[in-house]
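Me: I'd like a close look at one single part of this protein. Could you walk me through one helix and its surroundings in plain words?

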Amino acid sequence: MSSAITHVGVVAKQRLEPAIETLTTLAAWLGPRGLDVIYDLDTAALAGGTGSPAATRETLPGLVDLIVVLGGDGTLLSVAGRIAQSGRDIPILGVNFGSLGFLTEIRI
């Protein structure tokens, strides 16, 4: 089993408009490093159709090696639940866009 990360899932809290610029910046940073971005459907819509592939939150864990979550603890827990249901062991990087985050300690 390979531990190389080649596909990064990106999930943002629904309608989190302050994350739009970050979504564009993140995709622009990952691409040149040989990392493919796959958004969940709501995040793809929020990003305005970047041309990157999109998947449902239920199927996303089966397609990626890492998931970056932009939002708060609730969004992170939701994604963690989907990963658990998939049976895969995928790391999550939670980025806090709220005022308080115990699980999403990294701020943008």
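Reply: Here is a walk along helix 3, followed by the cavity and a buried aspartate.

First, some ground rules: this is a predicted model, where local features need pLDDT of at least 70 and side-chain atom pairs count only at pLDDT 80 or more, while totals for chains, interfaces and linings use all residues. Residues are numbered from 1 along each chain as its sequence is written, and side-chain values use heavy atoms, with hydrogens and water left out.

The protein has 3 helices and 6 strands (DSSP runs, numbered from the N terminus: H or I of at least four residues for helices, E of at least two for strands). From the N terminus on, the order is β-α-β-α-β-β-α-β-β.

Now for helix 3, which covers residues 73–86. Its 14 residues reach 20 Å from the first C-alpha to the last, close to the 20 Å expected at 1.5 Å a residue (the expected span is 1.5 Å times one less than the number of residues).

Which residues of helix 3 are buried? They are Asp73, Thr75, Leu76, Val79 and Ile83 (buried means under 20% relative accessible area, exposed over 50%, partly exposed in between, with a 1.4 Å probe and protein chains only). Seen down the axis of helix 3, these buried residues fall within an arc of 160°, so they line one face of the helix (the arc is that of the directions from the helix axis to the C-beta atoms). That buried set packs against strand 1 (7–12), strand 4 (66–71) and strand 5 (92–96) (contact means heavy atoms within 4.5 Å). Turned away from the buried side, the other face carries the exposed residues Gly74, Leu77, Ala84 and Gln85. Just after helix 3, glycine 87 takes a positive phi of about 80°.

Val79 turns up again in the lining of the largest cavity, along with Val11, Arg57, Leu60, Pro61, Ile67 and Arg82 (on a 1 Å grid over the protein atoms alone, a cavity is a set of points where a 1.4 Å probe fits but cannot get out; lining residues have an atom within 4 Å of a point). That lining divides into 5 nonpolar, no polar and 2 charged residues (Ala, Val, Leu, Ile, Met, Phe, Trp, Tyr, Cys and Pro count as nonpolar, Asp, Glu, Lys and Arg as charged, and the others, Gly among them, as polar).

Some of those lining residues have another neighbour: aspartate 40 touches residues including Val11, Arg57 and Leu60. Aspartate 40 is found in strand 2 (residues 36–40), and is buried, with a relative accessible area of 1%.

Methods. On a 1 Å grid over the protein atoms alone, a cavity is a set of points where a 1.4 Å probe fits but cannot get out, and a pocket is an open set with protein on both sides within 12 Å along at least five of seven lines; lining residues have an atom within 4 Å of a point. Lists of a residue's contacts leave out its neighbours within four places in sequence.
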